[in-house]
Amino acid sequence: MSSRRVVVIDDHDMFRAGVRSEIGSAVDIVGEGADVDSAVKAIVGTEPDVVLLDVHLPGGGGTEVMKQVHQRHPDIKFLALSVSDAAEDVIGVIRAGARGYVTKNISGTELVDAINRVAEGDAVFSPRLAGFVLDAFSGAIDIASVDEDLDRLSQREREVLRLIARGYAYKEVARELFISVKTVETHVSSVLRKLQLSNRHELTRWATDRRLV
């Protein structure tokens with residue numbers, strides 16, 4: 001079997017270099033991208049077997065990449081590879097057309113196996129994430145309401161929401177996201193207003209009920 005042709009999409013140069021180093025001898029990495037525009041260009045220009053796609057990208061996110069590519073090349077297969085294991089991220093990219101979703105702590109050998117399986121038409125999920133997908137289809141997670149509420153929030157507000165709900169202090173959120181404490185406070189106020197919640201305790205309960213943490 002010839003090597004799978006793969007495009008790697010991630011906004012961190014170091015991560016793309018790491019993937020290339022880890023799996024470059026087992027697959028043929030034919031292109032890279034760091035944002036929506038460069039991703040679409042690389043994918044359309046090379047027509048790979050599988051695209052390794054980060055969920056959070058500048059310019060519209062992984063779902064926007066899939067949307068634009070699938071308009072022209074509906075057969076190209078996407079495998080989401082993300083640091084996020086939040087339910088709404090997993091379900092969002094699957095709804096957009098990804099054939100699988102694995103988290104970035106996966107080993108190189110496991111990643112090559114996942115790429116081959118996706119290329120052959122299988123769906124591949126990290127074990128915990130498979131549960132989210134099953135819950136979504138069984139109705140245990142109300143996808144429509146989660147989407148509607150989350151659509152009101154910006155990407156940064158979602159990140160702040162998730163960290164606050166996990167119990168991070170404002171200072172810790174600021175450090176994690178490389179923003180000021182003042183900016184964190186502004187985002188939290190905005191999230192509370194948009195979701196019609198009164199305080200961070202209600203916010204945590206809201207996020208936990210929807211399995212966002």
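In which sense, parallel or antiparallel, do β1 and strand β3 pair? Keep that in mind as you open the structure, which is a predicted model; the tour reaches the answer at its second stop.

**Stop 1: the annotated span**

Select residues 5-119. The UniProt record, an unreviewed entry, annotates this stretch as "domain: Response regulatory". Helix makes up 49% of the span and strand 22%. Now pick the C-alpha atoms at its two ends: they lie 9 Å apart.

**Stop 2: strand β1 and its partners**

Next, select residues 5-9, which form strand β1. This strand is mostly covered, with 4 of its 5 residues buried.

Add residues 50-53, strand β3, and here is the answer to the opening question: β1 and β3 pair in the parallel sense, over 4 bridges. To see one of these pairings, show I9 in β1 and look for L53, its bridge partner in β3.

Then bring in residues 28-33, strand β2. The strands β1 and β2 run parallel as well, joined by 5 bridges. Show V6 and you will find I29 of β2 standing opposite.

Finally, add residues 13-23, helix α1. Together, β1, α1 and β2 make a right-handed β-α-β unit.

**Stop 3: T103**

Move on to residues 100-103, strand β5, where T103 has its place. Is T103 buried or exposed? Its relative accessible area is 13%, and buried means under 20%, so T103 is buried. Show the side chains around T103: leaving aside residues up to four places away in sequence, T103 touches L81, S82, S84, D85, S126 and L129.

**Stop 4: helices α8 and α11**

Select residues 155-165 for helix α8 and residues 200-209 for helix α11. Their axes come within 9 Å and cross at roughly 100 degrees. Angles of 65 to 115 degrees count as roughly perpendicular, and α8 and α11 are therefore roughly perpendicular to each other. To view where they meet, display L161, I164 and A165 in α8 along with R200, L203, T204, W206 and A207 in α11.

**Stop 5: helices α9 and α10**

For the last stop, select residues 170-177, helix α9, and residues 181-195, helix α10. At what angle do these helices pack? The angle is about 105 degrees, with the axes 8 Å apart. The helices α9 and α10 are therefore roughly perpendicular to each other. On the α9 side of the contact, show Y170, K171, V173 and A174; on the α10 side, show V181, V184, E185 and V188.

Note on methods:
Residues are numbered from 1 along each chain as its sequence is written. This is a predicted model: local features need pLDDT of at least 70, side-chain atom pairs count only at pLDDT 80 or more; totals for chains, interfaces and linings use all residues. Side-chain values use heavy atoms; hydrogens and water are left out. UniProt positions are given in the numbering used here, feature names are shortened, and annotations may be inferred rather than shown by experiment. Buried means under 20% relative accessible area, exposed over 50%, partly exposed in between (1.4 Å probe, protein chains only). Two strands pair if DSSP finds at least two bridges between them. A crossover is right-handed if, with the strands pointing away from the viewer, the path from the first strand over the helix to the second runs clockwise. Contact means heavy atoms within 4.5 Å. Axes are lines fitted to C-alpha atoms, for helices over the stretch in contact, and angles run from 0 to 180 degrees between N-to-C directions. Angles under 35 degrees count as roughly parallel, over 145 as roughly antiparallel, 65 to 115 as roughly perpendicular and the rest as oblique.
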